[in-house]
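Trainee: I want to check some labels on this structure. Can we take them one at a time, with the reasoning?

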Amino acid sequence: MLAPQRIYVLLINAGTDREGIHSLQIGDRQTVLMFESEDDAIRYALMLEAQDFPAPSIEPFPAEEIEGFCREAGYNWEIVKEGQLEIPPEMIVDETTWTLEDSPPPSSSQQETEEREMSDEELDAQRRALEKLFGN
């Protein structure tokens with residue numbers, strides 16, 4: 001089955017230099033959710049906020065753009081069909097893993113992740129990846 005042409009993803013800190021895409025940690029990989037329906041994406045975002053996750057913004061993108069980003073970053077992606085109820089995780093991972101140079105994220109069996117500040121080099125790499133994704 002073909003992916004929809006236009007999907008919706010959740011962005012964290014949209015429009016800032018710390019912008020990121022919401023993903024789930026499944027095993028040792030990150031998975032980006034691509035919603036077919038904007039309403040379903042909004043419902044999921046509201047559930048995230050209710051669990052004290054950072055408030056995401058819902059942004060439309062061509063599916064192929066997000067798939068390309070995921071391939072480049074080593075992420076998986078999942079299309080959430082219209083009307084499918086997706087439940088957010090109960091735990092937030094404080095550490096983000098955006099760049100290809102980073103090691104894989106910690107496994108989901110870990111209960112806590114160590115907090116660390118990102119270096120300027122890591123932030124620049126994240127910014128470049130996002131700029132490439134968003135065509136800036």
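Mentor: Start with Thr31, which sits in strand β4, residues 29-35. Keep in mind that the model is predicted.

Trainee: Why is Thr31 called buried?

Mentor: Its relative accessible area is 5%. Buried means under 20%. So Thr31 is buried.

Trainee: Which residues does Thr31 touch, leaving out those up to four places away in sequence?

Mentor: Ser23, Leu24, Ile26, Asn76, Trp77 and Glu78.

Trainee: What does Val32 touch, with the same sequence neighbours left out?

Mentor: Val9, Ile21, His22, Ser23, Ile66, Cys70, Tyr75, Asn76, Trp77 and Glu78.

Trainee: What makes a group of residues a nonpolar core?

Mentor: The members are buried, come from a set list of nonpolar types, and are joined through side-chain atoms within 4.5 Å. The largest one here has 13 residues. Ile7, Val9, Ile21, Val32, Met34 and Ile66 touch the most other members. β1, β4 and α2 (63-73) each supply at least two residues. The largest share, 5 residues, comes from α2. There is also a second, separate core of 12 residues, with Leu24, Ala41, Tyr44 and Val80 among them.

Trainee: Why would such side chains gather like that?

Mentor: In soluble globular proteins, nonpolar side chains tend to be buried together.

Trainee: How many cavities of 30 Å³ or more does the structure hold?

Mentor: It holds 1. The largest cavity has a volume of about 40 Å³.

Trainee: What makes a space a cavity, and not a pocket?

Mentor: A 1.4 Å probe fits but cannot get out; a pocket is open.

Trainee: Which residues line the largest cavity?

Mentor: Phe35, Asp40, Arg43, Tyr44, Met47, Gln84, Leu85 and Glu86. Helix α1, residues 38-50, gives the largest share, 4 residues. By type, the lining divides into 4 nonpolar, 1 polar and 3 charged.

Trainee: What is notable about the phi of Asn13?

Mentor: It is positive, about 55 degrees, although Asn13 is not a glycine. Most residues other than glycine have a negative phi. Asn13 lies in the loop between β1 (6-12) and β2 (20-21).

Trainee: Why is Asn13 called partly exposed?

Mentor: Its relative accessibility is 37%. Partly exposed lies between the 20% and 50% cut-offs. So the label holds for Asn13.

Trainee: And why is Asp52 called exposed?

Mentor: Its relative accessibility is 72%. Exposed means over 50%, so Asp52 qualifies. Asp52 is in the loop between α1 and β5 (56-62). Its phi is positive, about 65 degrees, and it is not a glycine.

Terms used. Residues are numbered from 1 along each chain as its sequence is written. This is a predicted model: local features need pLDDT of at least 70, side-chain atom pairs count only at pLDDT 80 or more; totals for chains, interfaces and linings use all residues. Side-chain values use heavy atoms; hydrogens and water are left out. Buried means under 20% relative accessible area, exposed over 50%, partly exposed in between (1.4 Å probe, protein chains only). Contact means heavy atoms within 4.5 Å. On a 1 Å grid over the protein atoms alone, a cavity is a set of points where a 1.4 Å probe fits but cannot get out, and a pocket is an open set with protein on both sides within 12 Å along at least five of seven lines; lining residues have an atom within 4 Å of a point. Grid points are joined across faces, edges and corners, and a volume is the space filled by probe spheres set on the points. Ala, Val, Leu, Ile, Met, Phe, Trp, Tyr, Cys and Pro count as nonpolar, Asp, Glu, Lys and Arg as charged, and the others, Gly among them, as polar.
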